[in-house]
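Let's take a walk through this protein, starting from one side chain and working outward. Have the viewer open and follow along.

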Amino acid sequence: MDGDITEAAALRYGSGQEMELPVITGSEDEKAVDIERLRSTAGLVTLDEGFANTASCRSAITYLDGEKGILRYRGYPIEDLAEKSRFVEVAYLLMYGDLPTAIQLDDFSAILNSSSLIHEDMRHFFLAFPNNAHPMSILTTMVASLSAFYPVPENPNDEEEAQIIANLVSQVRTIAAFSFKKFIGEPVVYPSYKLRFVENFLNMMFSSPVSSYEQDPDIVKAVETFLIVHADHEQNCSTAAVRIAGSSLANVYAVISAGISALWGRRHGGANQAVITMLRSIQEAGDDGRQFIESAKNKKARLMGFGHRVYKTFDPRAIIMKKLCHRILGKPGMTDPMFEIAMRLEEAALSDDYFLSRNLYPNVDFYSGLILKAAGIPFDMFTVLFAIGRTPGWLAHWREMRHSENSRIARPRQIYVGPLKRSYIPVNLREKHSVGVMRRSRTKIVVSKYPEMADPSGEMPEMG
Ligand code: SDX
């Protein structure tokens, strides 16, 4: 199913020229103008900064409808998967197109287990990172470094591809837990074949050689649900980065590292951390939320966890995460005043025309950080958990792309707005021509050996 050509779009341009462009229709009746012949026929390209109106590919993995708040993985509604499925089942579904049978699930779990250790020599890498290194900086580095320990054949066969997928789904989780142990100065805890995927992760994070970790089924379910709702989201920023990097046939570990790097940004996967920072600042200011709402409306702040490029109504994942908050934070001893603040912010925003007129609703990040906080996941690890969840989605797109006959290197066009042709100026004559773009600084630029802030995005997160 590659989308049928169902009609044509007429384009009138220049001095009355016209051309017809085919319109293709997807399985959910989405329509796209196929502009493959636009430049060769009309000498035109399209400009769509941020790609808000541009489909970069055909995909059968995830469908979302931003106007209706619909999200389905391979046709299964996210609400059903979040309630009834395990993360490993969802990873298999995204990758291979169907929910696994019991035998397929056992086989997939077995290869994930057998791939859960990283090469022991990689443990030395952790010694070289500064203690306050942000776990996302460690994760991007370590995932790309997997390529040095697990060589990838030029054209992996099905078995080699399955091993690559298992390595990444399993080892991103192991590296994440090891990076946390590095930060708190504890010895790493190895994965165990006796534990399921999420329990294994929590055990690697919170047990130690001197104390065991008691699994709370509600916390396990909360983290499992968090990973499921983060597993894929069609052509989001980091998945688009994976497809672009993968289109050059780059090493798959480097390709996934590119996705992790894109996810780190506050506009994308870094938002779950930014929401907690925002709620903490509102709490410390003694603000009931209304002052902050005003600052967001005056563009002095962003209501983090609100708004979305695609959803123009509730992000269905935000509804799932909010329900989970009620369940987890309603347990004795688990209440969190930040949840009250978040609900007040949501209520205030959704009764304010600034947000309603811009279709700004809570997205997956608005409540998800509170879930992780309740699970005892340290603040700096929130985006890392998003990466653990999204890894199967990234790999499913990498796999779909490499098996597609339309697969070409991604190479967008541009509209040039720079200087016209001009003559070369010898260096001794440049002073008077210089536009002073880069004036030599009179003060010595000092670069500290270790940046004060671990996180280059400028947020001063603290672990724990
Ligand atoms: C994720 O793409 C995906 O699928 C991503 C994701 C996934 O699963 O992969 O769903 C995960 O990244 C969720 C989004 C997490 N990010 C945040 O919560 C950060 C806060 N949100 C915004 O930065 C913003 O809403 C974006 C980045 C999410 C979307 O940006 P757009 O589509 O480029 O929208 P925009 O910046 O052009 O904003 C349109 C208007 C502007 O106002 P005007 O110029 O019309 O006056 O809405 C305003 C913006 O100022 N606006 C906000 C706002 N988000 C947009 N105003 C206040 N608070 C906000 N959060």
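Start with arginine 243: its relative accessibility is 9%, so it counts as buried, the cut-off being under 20%. Keep in mind as you look that this is a predicted model. So what does a buried arginine pair up with? Here the side chain of arginine 243 meets that of glutamate 400 in a salt bridge, 2.6 Å from N to O. This pair ties together distant parts of the chain, since arginine 243 sits in helix α10 (residues 237-247) and glutamate 400 in helix α18, 157 residues apart. Glutamate 400 is buried too, though its relative accessible area is 19%, and the cut-off for buried is under 20%.

Stay on α18 and slide along to arginine 402. This one forms a salt bridge with glutamate 161, and the closest N and O atoms are 2.6 Å apart. Again the link is between distant parts of the chain: arginine 402 belongs to helix α18, glutamate 161 to helix α7 (residues 158-184), and their positions lie 241 residues apart in sequence. How covered are the two partners? Arginine 402 has 23% relative accessibility and so counts as partly exposed, whereas glutamate 161, at 2%, counts as buried.

Helix α18 has a nonpolar story as well. Phenylalanine 382 lies in this helix, and with 1% relative accessibility it counts as buried. Which residues does it touch? Leaving out those up to four places away in sequence, phenylalanine 382 is in contact with Phe226, Asn272, Gln273, Ile276, Gly369, Leu372, Lys373 and Ile377. Glycine 270 is worth a look here too: it is 112 residues from phenylalanine 382 in sequence, but their C-alpha atoms are 7.9 Å apart.

One of those contacts, Phe226, leads us to helix α9, where it is among the buried residues. This helix is mostly covered, with 10 of its 13 residues buried. The buried set also includes Glu224 and Thr225, along with Ile219, Val220 and Leu227. For a quick geometry check, take 1.5 Å a residue: the 13 residues of α9 (residues 217-229) should span 18 Å, and the end C-alpha atoms are indeed 18 Å apart.

Back to charges for a moment. The salt bridge count comes to 19. Among them is the one between aspartate 315 and arginine 317, with closest N and O atoms 2.7 Å apart; both of these residues are buried. Elsewhere, Asp216, Asp218, Arg327 and Lys331 are linked in a salt-bridge network.

Now for the outside. Valine 417 lies in the segment after α18 (382-402), and at 75% relative accessibility it counts as exposed. It has nonpolar company: together with Val45, Leu47 and Ile415, Val417 forms a surface patch with about 400 Å² of accessible area.

Finally, zoom out. The protein has 18 helices and 6 strands. Its radius of gyration is 24 Å, close to the 23 Å from the globule rule for 464 residues, so the protein is as compact as a globular protein of that length. The C-alpha trace spans about 75 × 60 × 55 Å along its principal axes. Buried residues account for 45% of the 464, and the accessible surface comes to about 24,700 Å², 53% of it belonging to carbon and sulfur atoms. Of the contacts between residues at least 6 apart in sequence, 71% join residues at least 24 apart.

Conventions. Residues numbered from 1 in each chain as written. Predicted model: local features only at pLDDT ≥ 70, side-chain atom pairs only at ≥ 80, totals over all residues. Heavy atoms only, no water. Patch = residues over 30% accessible without salt bridge, like charges linked within 9 Å, V, L, I, M, F, W, Y side chains within 5 Å. Areas by Shrake-Rupley, 256 points an atom, 1.4 Å probe, with all protein chains shown as cover. Salt bridge = Lys/Arg side-chain N within 4 Å of Asp/Glu carboxyl O. Helix = DSSP H or I, 4+ residues; strand = E, 2+ residues; numbered from the N terminus. Buried < 20%, exposed > 50% of the residue type's maximum accessible area, 1.4 Å probe, protein only. Rg over C-alpha atoms; globule rule 2.2 N^0.38 Å. Contact = heavy atoms within 4.5 Å. Expected span 1.5 Å × (residues − 1).
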